[in-house]
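Colleague: I would like to learn how to read a model of this kind, feature by feature. Where should one start?

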Amino acid sequence: MKKSNFLKAIVAGLTICSVSAIAQDTNKDKHNIDIKIPEVALLDIETKAERTITFEGKAPTEAGLAVSFGETPNKDLWLNYSSIVGSKTEKARDVTVQITSGIVPSGLTLEVAAEKDAGEGAGTFGTPAGTLVLTSAAQKIITGVGSCYTGTGPNKGHNLSYLVKLDNAKYGDLDFDQSGTVEVTYTLTDN
């Protein structure tokens with residue numbers, strides 16, 4: 001019986017050694033890392049001057065001449081934005097502009113244009129649409145905004161150029177009692 005117990009002890013020992021070898025670590029292992037990119041749609045207007053722009057007509061000094069609002073546009077404001085889009089759900093965005101309060105006095109037009117991005121950020125910047133005559137209807141001033149950031153503050157993003165022009169066809173509608181303020185709103189929109 002001693003031989004039988006001895007053989008059982010050897011078999012039991014080999015089984016334990018075999019189980020121990022299976023349970024040991026290997027030379028590699030793995031785990032997961034989740035990476036989550038947020039959707040971003042932020043827009044801001046920046047300036048070194050005042051956010052309120054004033055266009056004051058100059059009365060003529062000679063009889064027979066028209067009121068003048070000048071030919072030099074105001075370029076004090078800068079449009080900054082940050083955007084992260086989704087290739088499956090939202091491939092690009094646009095920036096719209098519209099008058100949301102007040103009216104441009106009859107006999108005048110209020111124009112705005114956005115210049116090309118100043119190049120202080122990175123990514124896929126939008127393309128300016130050219131000069132727009134502002135109304136209460138939303139118009140696309142910048143199209144094709146992708147994942148990007150313009151940088152923040154003046155001299156970053158798109159410089160905005162505003163100009164008030166006389167509408168000679170409606171010069172007779174000018175009325176100094178119509179002086180007032182209009183509110184212009186920019187919106188970074190999903191397509």
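Modeller: Start with the contacts across the whole chain. Of the contacts in the protein chain with a separation of 6 or more, 80% are between residues 24 or more positions apart. Keep in mind that this is a predicted model.

Colleague: Which secondary structure elements does the protein chain have, and in what pattern along the sequence?

Modeller: There are one helix and eleven strands. Read along the sequence, the pattern is α-β-β-β-β-β-β-β-β-β-β-β.

Colleague: How much of the protein chain is buried, and what area does it expose?

Modeller: Buried residues make up 26% of the 191 residues. The exposed area is about 13100 Å², and carbon and sulfur atoms supply 54% of it.

Colleague: Now the charged pairs. What is the general idea, and how many salt bridges does a search of the whole structure find?

Modeller: Side chains of opposite charge can pair when their charged atoms come close. Here the search finds five salt bridges. One of these joins Arg93 and Glu39, with the closest N and O atoms 2.8 Å apart. This pair links distant parts of the chain: Arg93 belongs to strand 3 (residues 93-101), while Glu39 sits in the loop between helix 1 (2-23) and strand 1 (40-47), 54 residues apart.

Colleague: Are Arg93 and Glu39 buried or exposed?

Modeller: Arg93 counts as buried because its relative accessibility is 0%. Glu39 counts as exposed, at 61% relative accessibility.

Colleague: Which residue forms a salt bridge with Lys75?

Modeller: The partner of Lys75 is Glu115, and their closest N and O atoms are 2.8 Å apart. Lys75 lies in strand 2 (residues 74-84) and Glu115 in the loop between strand 4 (108-114) and strand 5 (122-123), so the bridge ties together parts 40 residues apart in sequence. Lys75 is partly exposed at 40% relative accessibility, and Glu115 is partly exposed at 32%.

Colleague: And what does the side chain of Lys165 meet in a salt bridge?

Modeller: It meets Glu111, at 3.6 Å from N to O. Again distant parts of the chain are linked, with Lys165 in strand 10 (residues 158-166) and Glu111 in strand 4, 54 residues apart. Lys165 is partly exposed, with a relative accessible area of 34%. Glu111 counts as buried because its value is 14%, the cut-off for buried being under 20%.

Colleague: Which residues are joined into one network by salt bridges that share partners?

Modeller: Glu39, Arg93 and Asp190 form that network.

Colleague: Let us turn to strands. How should I read strand 4, and which strands pair with it?

Modeller: In a regular strand the side chains alternate between the two faces of the sheet. Strand 4 pairs with strand 10 in the antiparallel sense over seven bridges. Within that pairing, Leu108 has Leu166 of strand 10 as its bridge partner. Strand 4 also runs antiparallel to strand 7 (residues 132-133), to which two bridges join it. There, the bridge partner of Val112 is Leu132.

Colleague: Why is strand 4 described as largely enclosed by the rest of the structure?

Modeller: Because six of its seven residues are buried.

Colleague: How do I read a single residue, say Thr150? Where is its place?

Modeller: Take position, accessibility and neighbours in turn. Thr150 is in the loop between strand 9 (148-149) and strand 10, and at 0% relative accessibility Thr150 counts as buried. A polar atom of its side chain lies 3.1 Å from the backbone nitrogen of Tyr81. Leaving aside residues up to four places away in sequence, Thr150 touches residues including Leu79, Asp117, Phe125 and Lys156.

Colleague: Can we do the same with Leu43? What does Leu43 touch?

Modeller: Leu43 lies in strand 1 and is partly exposed, with a relative accessible area of 29%. Beyond residues up to four places away in sequence, it touches several others, among them Leu79, Tyr81, Val95 and Tyr186. Leu43 and Ser83 are 40 residues apart in sequence, and 8.7 Å apart in space from C-alpha to C-alpha.

Colleague: Last, the surface. Which residues form a nonpolar patch?

Modeller: Ile33, Ile35 and Ile37 do, with about 410 Å² of accessible area together. Of these, Ile35 is in the loop between helix 1 and strand 1. Ile35 is exposed, with a relative accessible area of 73%.

Terms used
Residues numbered from 1 in each chain as written. Predicted model: local features only at pLDDT ≥ 70, side-chain atom pairs only at ≥ 80, totals over all residues. Heavy atoms only, no water. Salt bridge = Lys/Arg side-chain N within 4 Å of Asp/Glu carboxyl O. Helix = DSSP H or I, 4+ residues; strand = E, 2+ residues; numbered from the N terminus. Buried < 20%, exposed > 50% of the residue type's maximum accessible area, 1.4 Å probe, protein only. Pairing = 2+ DSSP bridges. Polar contact = N/O pair within 3.5 Å; in protein donor to acceptor, adjacent residues only side chain to side chain. Contact = heavy atoms within 4.5 Å. Patch = residues over 30% accessible without salt bridge, like charges linked within 9 Å, V, L, I, M, F, W, Y side chains within 5 Å. Areas by Shrake-Rupley, 256 points an atom, 1.4 Å probe, with all protein chains shown as cover.
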